[in-house]
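Dear colleague,

I am passing this structure on to you, and below it I have set out what I found when going through it. Please read the notes with the structure open beside them.

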Amino acid sequence: MAVAAFRKYFIPVWRSAPLLRICLPLMFGIGLGNALLDTNIYWYYTLPASIACALIWSVALHKKPLLASIGLLLGTLAVGTLLVQLHAIWQQPAFAGHHYTAGQTVVATLAEPAVPKEKSVKANASIALLLPTGQLQQVKGEVLLYLAKDSNASLLKYGQQIIFNRPLQPIKNAGNPGGFNYQTYAARQGVFYQVFLKANQYKMLPGNKGNAFRKQLFAMRQWVLQSIVRYIPNPLENGVAQALLIGYRGDLDKTLVEQYANTGVVHIIAISGMHLGMIYTLLLFLLKPLGQTQRMRLLRLLLTLGSMWLFTLLTGAAPSITRAAVMFSMVAVGDFWQRGSNAINMLSAAAIALLLYDPFALWNVGFQLSFAAVLSIAIFYKPILAWFNPGNKILLHVWQMMAVTIAAQILTLPLGIYHFHQFPVYFLLANLVAVPLSGAVLYALLIMLALSWWPFMASLVGQLAGWGIAILNACIIWVSQLPFTTIQQVQISMPMAVLLCCIIAGIGTWWLLKSSKGLLAAAASLALYMLLLANQKWQTATQHQIIIYNIPQYSGIDIVQGTRSIFIGDTALTQPGFLQNFHLLPTRIRYQYQPYQYSLLDDSSNVSFVTNGLRISILRQQLNYKQSGMHETDLLIVSGNVPGNPAKILPHIRCKQIVLDGSNSAYRIARWKSAADSLHLRLHSVAVNGAFVVEQARL
């Protein structure tokens with residue numbers, strides 16, 4: 001049954017989209033390469049040899065299509081695996097981590113203009129190491145610079161260099177379960193270190209080492225941002241305008257972003273293919289008067305491609321916008337040659353181009369959502385559109401917009417729930433308002449920039465754009481305040497997300513191809529999904545855990561019993577906001593529990609209690625061991641930089657495990673570790689080892 005269905009439904013698609021035959025094995029190869037990165041296989045010889053053998057096999061057996069296809073598939077798989085190795089900077093001999101020693105003088109070249117933050121100025125920089133001979137050794141791997149706010153830091157531009165000898169700090173992951181793995185994310189971006197520099201800890205070097213083209217791009221980007229602020233002075237509105245036009249999100253209000261996300265229209269302020277589609281439509285309209293002669297059509301093509309790619313680079317060339325640029329480029333070239341285009345073929349070409357440039361883009365959420373949305377529209381838009389024929393042009397346009405929104409949501413649903421743990425209930429209503437309104441605002445912003453030489457008219461258009469953004473924000477805020485706006489805190493595993501995709505594929509096969517086998521496949525996938533869900537619910541109901549979070553400068557502990565927990569920690573962590581959402585909420589979603597009781601810590605006393613027969617002591621003040629004698633406990637949590645000498649405190653404590661929470665300084669952590677090692681006691685520092693998570697019965 002499965003083989004017959006495969007031959008009937010998948011093989012025709014496979015044959016009609018030849019680039020899909022390259023795209024899928026390339027993706028699998030990249031996944032395989034990532035899984036094998038830390039193995040001892042020596043890639044530099046085995047993989048090129050495998051690729052060569054597979055391709056020779058494919059060419060030699062060209063008269064036998066099946067065997068030739070197998071050879072091409074294996075060769076493409078090997079290419080994907082090799083791409084990961086070539087882009088894994090930390091595996092290469094020139095990686096900074098193989099050469100840098102603490103205290104070594106570093107010359108950093110800014111890879112972007114410095115961006116002012118709340119307490120510092122931030123910039124990415126490539127680095128070179130100053131050798132004892134006075135020569136510079138170029139190394140791979142960028143560093144995040146955090147510079148104290150002063151007159152010099154605010155003037156740093158792309159390509160400028162600074163010199164310093166402060167130790168580089170490796171970027172670490174907090175290690176809180178379910179939390180964002182920033183270390184892995186940064187490594188895939190090529191960033192491995194960070195350093196905090198005061199005004200007197202670095203010097204600016206003369207000259208500029210930046211690329212001339214990139215300088216112009218950054219200068220244009222800065223001009224756009226300044227023009228928006230000049231003609232749309234309201235901070236709430238110009239922040240949205242900057243994000244809408246060129247994807248700059250530095251001035252966006254965090255609460256407003258959350259409301260956009262909760263209503264399912266965050267793609268409006270995350271530069272994407274929708275924005276480039278509007279630019280492409282505008283270009284076609286503006287360049288139409290050039291005529292239909294061969295030279296004019298070629299000029300139109302060059303102007304269209306140049307404008308689209310300039311806009312793409314200006315926005316930072318994120319995977320979603322680059323995918324759109326590749327696809328629209330293929331559409332434009334196909335139109336020039338008067339040839340039709342295959343949507344799946346174009347999507348495959350865009351994926352191949354992006355993955356050849358950066359194989360780690362496969363793990364980029366924007367990449368995944370962008371390709372899933374376009375694939376979903378290509379498959380489901382026309383069948384959904386056929387549901388209803390309004391018989392009116394205005395209603396038809398409204399229904400077309402709704403059909404696109406519904407179609408895009410189908411394949412992005414599993415990804416959205418897996419990555420963001422929520423589903424926006426009113427996504428259709430929100431998009432029905434936000435998409436046309438944001439399109440009008442985008443065109444108004446482009447007109448405003450075009451009229452910047454005429455300040456009066458630019459200001460007038462800017463005011464209109466500001467009013468449009470104000471209406472857009474008001475609509476989104478209103479939708480976000482409706483009851484049951486978002487289904488939140490939904491936890492699904494990777495296998496469950498895959499099964500959701502299988503359910504959608506099965507139902508889609510039954511619906512579009514009238515195949516009962518698709519419905520059977522969907523039912524089987526649903527049964528497996530329900531089994532996994534039941535197992536997850538059982539594990540949640542029977543869990544008994546202690547979780548000590550890694551939150552810099554704060555104490556946070558959850559004593560988990562099934563779906564409820566007792567929170568013990570600082571007052572700031574009980575308030576809604578960034579600290580709670582970033583550090584605590586992902587873990588609570590991961591293990592599906594909610595706190596029902598809060599116990600706040602203070603610095604005046606130590607705390608001891610028993611849970612499920614487990615004795616826990618929280619040390620906030622120096623233990624008066626001379627009066628109390630030996631203190632016995634199962635788990636000792638050291639919090640808040642306890643005064644005193646740990647080497648004198650620990651001999652009077654008998655415990656199974658010591659945990660230092662995030663409120664301890666690096667100096668105090670080192671002292672406690674030294675004392676614990678000398679007494680052969682188990683010690684876990686959340687700042688060094690990540691969050692402490694243990695089943696109460698196993699301690």
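Which side chain meets that of lysine 656 in a salt bridge? It is the side chain of aspartate 634, at 3.8 Å from N to O. Please keep in mind throughout that this is a predicted model.

That pair links distant parts of the chain, since lysine 656 lies in the loop between strand E20 (653–654) and strand E21 (657–660), while aspartate 634 lies in the loop between strand E18 (631–632) and strand E19 (635–638), 22 residues apart. Lysine 656 counts as partly exposed because its relative accessibility is 44%, whereas aspartate 634, with a relative accessible area of 6%, is buried. Both residues also belong to a network of salt bridges that links Arg615, Glu632, Asp634, Arg654 and Lys656.

The count of salt bridges comes to 7. Another one of them joins the side chains of arginine 620 and aspartate 570, at 3.9 Å from N to O. Here too distant parts of the chain are linked, 50 residues apart: arginine 620 sits in the loop between strand E17 (614–619) and helix H20 (625–628), and aspartate 570 sits in the loop between E14 and helix H19 (578–591). Arginine 620 and aspartate 570 are both buried. By contrast, the salt bridge between aspartate 677 and lysine 673, at 2.9 Å from N to O, lies within helix H22 (residues 666–678), where the two residues are 4 residues apart, about one turn of the helix. Aspartate 677 is partly exposed, with a relative accessible area of 42%, and lysine 673 is likewise partly exposed, at 44%.

Turning to the aromatic residues, the structure holds 19 aromatic pairs. In one of them, phenylalanine 567 and tyrosine 598, the ring centres are 6.0 Å apart and the planes stand at 65°, so the pair is edge-to-face. This pair also links distant parts of the chain, with phenylalanine 567 in strand E14 (residues 564–569) and tyrosine 598 in strand E15 (residues 594–600), 31 residues apart. Phenylalanine 567 is buried, with a relative accessible area of 0%, while tyrosine 598 counts as partly exposed at 41% relative accessibility. Elsewhere, Trp90, Phe95, Phe192, Phe360 and Trp363 form one aromatic cluster.

In the interior, the largest nonpolar core has 39 residues, of which Leu245, Tyr260, Ile268, Ile269, Leu445 and Met448 touch the most other members. At least two residues of this core come from each of helix H6 (212–231), helix H7 (235–246), helix H8 (254–262), helix H15 (427–450) and helix H16 (455–480). The helix that gives the most is H15, with 9 residues. Leaving aside neighbours within four places in sequence, leucine 245 is in contact with Val224, Ile228, Ile271, Phe311, Thr315, Leu442, Leu445, Leu446 and Leu449. Apart from this core lies another, of 28 residues, among them Val121, Leu156, Ile162 and Ala187.

On the surface, Phe180, Tyr185, Phe578 and Phe582 make a nonpolar patch of about 430 Å². Tyrosine 185 is found in helix H5 (residues 182–188), and this residue is partly exposed, with a relative accessible area of 39%.

Three single residues may also be worth finding on your screen. Alanine 324 lies in helix H11 (residues 319–336) and is buried, with a relative accessible area of 0%; leaving aside neighbours within four places in sequence, alanine 324 is in contact with Gly273 and Leu276. The other two are glutamines with a positive phi, a value noted here in a residue other than glycine. Glutamine 489, with phi near 55°, is placed in the loop between strand E11 (486–487) and helix H17 (494–513), and counts as partly exposed at 28% relative accessibility. Glutamine 553, with phi near 75°, is found in the loop between strand E12 (544–548) and strand E13 (556–561), and counts as exposed because its relative accessibility is 68%.

With kind regards

Definitions and conventions:
Residues are numbered from 1 along each chain as its sequence is written. This is a predicted model: local features need pLDDT of at least 70, side-chain atom pairs count only at pLDDT 80 or more; totals for chains, interfaces and linings use all residues. Side-chain values use heavy atoms; hydrogens and water are left out. Patches are made of residues with over 30% relative accessible area and no salt bridge: like charges are joined within 9 Å, nonpolar side chains (Val, Leu, Ile, Met, Phe, Trp, Tyr) within 5 Å. Accessible areas come from the Shrake-Rupley method with a 1.4 Å probe; for residues, only the protein chains shown count as cover. A salt bridge is a side-chain nitrogen of Lys or Arg within 4 Å of a carboxyl oxygen of Asp or Glu. Buried means under 20% relative accessible area, exposed over 50%, partly exposed in between (1.4 Å probe, protein chains only). A nonpolar core is a set of buried Ala, Val, Leu, Ile, Met, Phe, Trp, Tyr and Cys residues joined through side-chain atoms within 4.5 Å. Contact means heavy atoms within 4.5 Å. Rings of Phe, Tyr and Trp (its six-membered ring) pair if their centres lie within 6.5 Å; planes under 30 degrees apart count as stacked, over 60 as edge-to-face and the rest as tilted.
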